[in-house]
There are 2 protein chains.
Amino acid sequence: MTASRTARERVRAELIREITDIARRQLATEGAGGLSLRAVAREMGMVSSAIYRYFPSRDDLLTALIIDGYNALGEAVEQGEAAVARDDHLGRWLAACHAVRGWALAHPHEYALIYGSPVPGYQAPRATVEARVRDVTVLGRIVSDAWRDGALRPPSSEPPPELSADAAAVREVMPEVPDEMVWRSVTSWSTLYGWVSFEVFGQFNNTIDNREAAFDHAMRLAASTLGLAAVSSASTA
Amino acid sequence: MTASRTARERVRAELIREITDIARRQLATEGAGGLSLRAVAREMGMVSSAIYRYFPSRDDLLTALIIDGYNALGEAVEQGEAAVARDDHLGRWLAACHAVRGWALAHPHEYALIYGSPVPGYQAPRATVEARVRDVTVLGRIVSDAWRDGALRPPSSEPPPELSADAAAVREVMPEVPDEMVWRSVTSWSTLYGWVSFEVFGQFNNTIDNREAAFDHAMRLAASTLGLAAVSSASTA
DNA sequence: CGTTCGTCAAGAGCAGTGCTCTCGTCTCGA
DNA sequence: TCGAGACGAGAGCACTGCTCTTGACGAACG
């Protein structure tokens, strides 16, 4: 009952929720540029200025949606990856990849918000940092686990030594992994998000039709960059 | 002679040029969302409605800028790649990658326009198709040449057979190359543009500092996915 | 030479936007 | 109970893309 502080605060939380819900629906249909405070207010039967009692500016509303987006994507990846046996590292990688793609295709505008071009004058506030790494945290743990289990056999290669400081920073999401595996991971993640962005942003239109199969094959190639097991798509469905 | 048809047409072409120049400058500072016809008109000392004599809508002006962007990026990649000996396939690949990255970092808003999230209601007209493939045409030719010269030795792998039709479509920019190399190429391009997008859109902020070296190493890893020579960054500068 | 017709800049105006300020009203807590 | 704060409504400012009309200029044609 500490939750039901006052009736005021409850209705306030309820209204904030309703505003973000309507805004998210508007975002899904119109895109980030079409998000209009006045339209949200209109749909709620309020006057536009009343919205400012809850969100001091349009950017603050956008920030709330971005954080929600990070969490939704992160949760989708967490759930997709959790459904695979812990020792099936390739399976976990592929599940995570398909989870990213699936969520992005289902919520293209929200994906654009968090992995596309940043909105003009908008600067992501510090509040977003914890939510924004949920997806990559999952990806990092896969690599970390696979390395611990000795499941990674990448072709030997050496990153330039001047990158060791940067590698240490990235290693935060994948402990105990050597520098070379850090860079192979970042490179694979670029492949993943690069492909998904291509697909969501329409770069594959009129070119690639069987996109799920092509994506699956590409992520198997990325897995081999990670040194993660066989690449032949024929082996597994 | 035939170019200087009438004085009217010459001043018209001149004005169109001036409008796109100012618009491009505005785009560079404000981003796509901040491009304002009225601001362009103001800077030209015209009234806003006069702009509509030359561009029927804001989207048409944007289209002109997008086509210019495609051509600028394509030209940058063409020039960067042309500076390397024809039989140095790895060098050509790396030069093309660095050209993409360099242009993108120098023109982040224009890069966002062509490889970032598509602008809300905007649909790319057919007129853009020829310009938009200039960069990937260069990348395709590198793979095509390397394959012809027997310089590609990728690990054997087999793409699922249902992708053969799609592979044929992509092969248009890289003739004579087998299906598996087509998919390895598309995957490598995803790595390239995924990384560049990460960097331009700020995903590497507060994480990776020595970005040029990291990028170079990642593109060498991508080259090894292509089956293109050695990966060790220490071997070459 | 004079007229006609197309091109052009200018201005007013419409509908929409984010955002601010003020003004009554209502509610919660001391 | 009463005062402080939260709240919704409304007017208003500056801005946007876009349309329509008006009047001036210039080139081509009779």
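**Exercise 1. Find which residues come nearest to DNA strand C, and describe the surface around them.**

Solution. This is a predicted model: local features need pLDDT of at least 70, side-chain atom pairs count only at pLDDT 80 or more, and totals for chains, interfaces and linings use all residues. Residues are numbered from 1 along each chain as its sequence is written, while chains are lettered from A and ligands numbered from 1 in the order in which they are written.

Step 1. Fix the cut-off. A residue is near a strand if its C-beta atom, placed from the backbone, lies within 6 Å of it.

Step 2. List the residues. There are 21 around DNA strand C, and A:Ala7, A:Ser49, A:Ser57, A:Arg58 and B:Ser49 come nearest.

Step 3. Assign elements. Helices are DSSP runs of H or I with at least four residues, strands are runs of E with at least two, and both are numbered from the N terminus. Chain A gives at least two residues from each of α1, α2, α3 and α4. Chain B does so from α1 and α3.

Step 4. Sort by class. Ala, Val, Leu, Ile, Met, Phe, Trp, Tyr, Cys and Pro count as nonpolar, Asp, Glu, Lys and Arg as charged, and the others, Gly among them, as polar. The surface near DNA strand C has 8 nonpolar, 6 polar and 7 charged residues.

**Exercise 2. Repeat the analysis for DNA strand D.**

Solution.

Step 1. Around DNA strand D there are 21 residues; A:Ser49, B:Ser36, B:Ser49, B:Ser57 and B:Arg58 come nearest.

Step 2. Two or more residues come from each of α1 (7-30) and α3 (48-51) of chain A, and from each of α1 (7-30), α2 (37-44), α3 (48-51) and α4 (58-82) of chain B.

Step 3. The classes are 8 nonpolar, 6 polar and 7 charged.

**Exercise 3. Work out how chains A and B are related, and describe the side of chain B that touches chain A.**

Solution.

Step 1. Superpose the copies by least squares, on the C-alpha atoms of residues with pLDDT of at least 70 in both. Chain B falls on chain A after a rotation of 180 degrees with 0.0 Å of shift along its axis, at RMSD 0.1 Å. That is the relation of a two-fold axis.

Step 2. Count contacts (C-beta atoms, placed from the backbone, within 7 Å). In chain B, 49 residues are in contact with 49 residues of chain A.

Step 3. Locate them. Helices α8 (164-170), α9 (179-200) and α10 (211-225) of chain B each supply at least two residues. The largest share, 11 residues, comes from α9(B).

Step 4. Sort them. This side of chain B has 24 nonpolar, 19 polar and 6 charged residues.

Step 5. Compare the two sides. Of the interface residues of chain B, 100% are also interface residues in chain A, so the copies meet through the same surface.

**Exercise 4. Check the span of α1(A) and see how α1(A) is packed.**

Solution.

Step 1. The expected span is 1.5 Å times one less than the number of residues. For the 24 residues of α1(A) this gives 34 Å, and the end C-alpha atoms are 34 Å apart, which agrees.

Step 2. Apply the burial rule: a residue is buried if 20 or more other C-beta atoms lie within 10 Å of its own, exposed if 12 or fewer, and partly exposed in between, with C-beta atoms placed from the backbone. In α1(A), A:Ile19, A:Ala23, A:Gln26 and A:Leu27 are buried.

Step 3. Their cover includes α2 (37-44), α3, α4 (58-82) and α6 (108-115) of chain A.

Step 4. Look just past the helix. A:Gly31 takes a positive phi of about 90 degrees.

**Exercise 5. Characterise the loop between α9 and α10 of chain A through A:Asn206 and A:Asn210.**

Solution.

Step 1. A:Asn206 has a positive phi of about 60 degrees, although it is not a glycine. With 8 C-beta neighbours inside 10 Å, A:Asn206 counts as exposed.

Step 2. A:Asn210 lies in the loop between α9 and α10 of chain A. A:Asn210 has 16 other C-beta atoms within 10 Å, so it is partly exposed.

Step 3. Not counting residues up to four places away in sequence, A:Asn210 touches B:Glu162, B:Leu163 and B:Asp166.

Technical notes
Two residues are in contact if their C-beta atoms, placed from the backbone, lie within 7 Å.
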